[in-house]
Amino acid sequence: MSGLVADVATSVLMLGGAAFCVLGAWGLLRFPDVPARLQAATKPQTIGLLAILAGAALRTDPRYASGLVLVGLFQLVTAPVLAQRISRAAHRTGYLRRDLLLADELADGLPNTADTDETGDVHPADPAATDAGEDAAADADASDEEPPH
Amino acid sequence: MQVVYTITLGMVTAAGLLTLVRVVRGPTELDRVVALDVLVVLILTAVTVEVARLDEGFNLALLGSVALLGFLGAATAARLVELRGLPGPGPRRPGPDQ
């Protein structure tokens with residue numbers, strides 16, 4: 001690519017990517033609990049890294065650009081996996097603020113959520129908690145009796 | 001172009017400092033795992049800017065290795081927190097795979 005166009009494109013991509021990185025880190029600092037922080041940790045960081053990788057790939061030799069593309073693809077594959085693992089761990093260990101949840105679709109789907117967490121709060125899937133909890137637990141038991149396949 | 005690279009590295013450094021604040025202050029281990037994963041991505045970003053600035057490819061292997069290490073480390077740490085954080089006595093429950 002000709003020099004001036006590549007320079008301008010690289011400048012825009014790198015400064016935009018760095019802005020996304022700063023925004024992601026700021027969100028990581030501001031958001032209240034682990035799932036919200038994962039939101040800030042995965043999407044803006046990945047977009048920032050991809051923009052900076054694209055900017056670097058425009059500037060460098062094309063044989064280096066292939067390696068940069070590979071790094072970007074790897075990040076695109078692994079970031080959702082990490083977010084899913086960490087949010088599942090947060091849900092299972094109780095490291096999230098349940099008063100901020102609008103919907104909890106894992107409330108009767110995970111076998112470990114019937115426990116109490118460290119603060120002694122009883123999770124909604126606990127059979128002895130509330131009437132709604134009993135219904136949810138009954139639903140979970142009914143679905144458990146069917147073979148999964 | 002040197003100005004652009006310098007500004008980009010400065011912004012990435014600022015993002016890294018904000019992330020380090022979360023690593024230090026994070027109330028739970030999972031917050032620290034998330035913040036350290038973000039820090040790994042920021043290191044990748046800074047090394048990418050260096051690749052563009054020097055126009056040399058000898059850091060590409062470093063990029064791949066750090067990406068792989070960051071993913072494996074964060075996944076393992078999340079798994080460990082998940083296993084250790086389960087309350088109650090007795091043997092550990094089987095994971096979600098069983």
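Here are some worked exercises on a predicted model with two chains, A and B.

**Exercise 1. Describe the secondary structure of chain A and of chain B.**

Solution. Start with chain A, which has four helices and zero strands. Read from the N terminus, its elements run α-α-α-α. Now turn to chain B, where there are three helices and zero strands. Along the sequence, chain B follows the pattern α-α-α.

**Exercise 2. Work out how much of each chain is buried and what its accessible surface is made of.**

Solution. Take burial to begin with. Chain A has 149 residues, and buried residues make up 42% of them. In chain B, 42% of the 98 residues count as buried.

Next comes the surface. Chain A exposes about 7,900 Å², with carbon and sulfur atoms supplying 63% of that area. For chain B the accessible surface is about 4,900 Å², and 69% of it belongs to carbon and sulfur atoms.

To finish, look at contacts along the sequence. Among contacts in chain A between residues at least 6 apart, 48% join residues at least 24 apart. In chain B, residues 24 or more positions apart account for 46% of the contacts with a separation of 6 or more.

**Exercise 3. Find out how many residues each chain brings to the contact, and how much area the two chains bury between them.**

Solution. Count the residues: chain A gives 48 and chain B gives 51. Then take the area, which comes to about 4,400 Å² buried between chain A and chain B, 74% of it on carbon and sulfur atoms. On the chain A side, the residues that lose the most area to chain B are A:Leu29, A:Tyr64 and A:Leu82, together 13% of what that side buries.

**Exercise 4. Determine how helix 1 of chain A is oriented against helix 1 of chain B, and which residues meet there.**

Solution. The pair to compare is helix 1 of chain A, residues 3-30, and helix 1 of chain B, residues 2-25. Their axes come within 8 Å and cross at roughly 10°. Angles under 35 degrees count as roughly parallel, and the two helices are therefore roughly parallel to each other.

Now pick out the residues in the contact. From helix 1 of chain A they include A:Leu15, A:Cys21, A:Trp26 and A:Leu29. Those of helix 1 of chain B include B:Tyr5, B:Ile7, B:Met11 and B:Arg22. By class, this contact of helix 1 of chain A with helix 1 of chain B has 18 nonpolar, three polar and one charged residues.

**Exercise 5. Repeat the analysis for helix 3 of chain A and helix 3 of chain B.**

Solution. Helix 3 of chain A spans residues 62-93, and it packs against helix 3 of chain B at an angle of about 10°, with the axes 9 Å apart. That makes these two helices roughly parallel. Sorted by class, their contact has 17 nonpolar, four polar and five charged residues.

**Exercise 6. Examine B:Asp55 and B:Asn59 in the loop between helix 2 and helix 3 of chain B.**

Solution. Check the backbone of B:Asp55, a residue in this loop. Most residues other than glycine have a negative phi. B:Asp55 is not a glycine, yet it has a positive phi of about 55°. Its relative accessibility is 36%, so B:Asp55 counts as partly exposed.

Move on to B:Asn59, found in the loop between helix 2 (29-54) and helix 3 (60-84). Buried means under 20% relative accessible area, and B:Asn59, at 18%, is buried. Leaving aside residues up to four places away in sequence, B:Asn59 touches B:Val47 and B:Val51.

Conventions:
Residues are numbered from 1 along each chain as its sequence is written. Chains are lettered from A and ligands numbered from 1 in the order in which they are written. This is a predicted model: local features need pLDDT of at least 70, side-chain atom pairs count only at pLDDT 80 or more; totals for chains, interfaces and linings use all residues. Side-chain values use heavy atoms; hydrogens and water are left out. Axes are lines fitted to C-alpha atoms, for helices over the stretch in contact, and angles run from 0 to 180 degrees between N-to-C directions. Angles under 35 degrees count as roughly parallel, over 145 as roughly antiparallel, 65 to 115 as roughly perpendicular and the rest as oblique. Contact means heavy atoms within 4.5 Å. Ala, Val, Leu, Ile, Met, Phe, Trp, Tyr, Cys and Pro count as nonpolar, Asp, Glu, Lys and Arg as charged, and the others, Gly among them, as polar. Buried means under 20% relative accessible area, exposed over 50%, partly exposed in between (1.4 Å probe, protein chains only). Accessible areas come from the Shrake-Rupley method with a 1.4 Å probe; for residues, only the protein chains shown count as cover. Buried area is the accessible area (1.4 Å probe) that two parts lose on being put together, summed over both.
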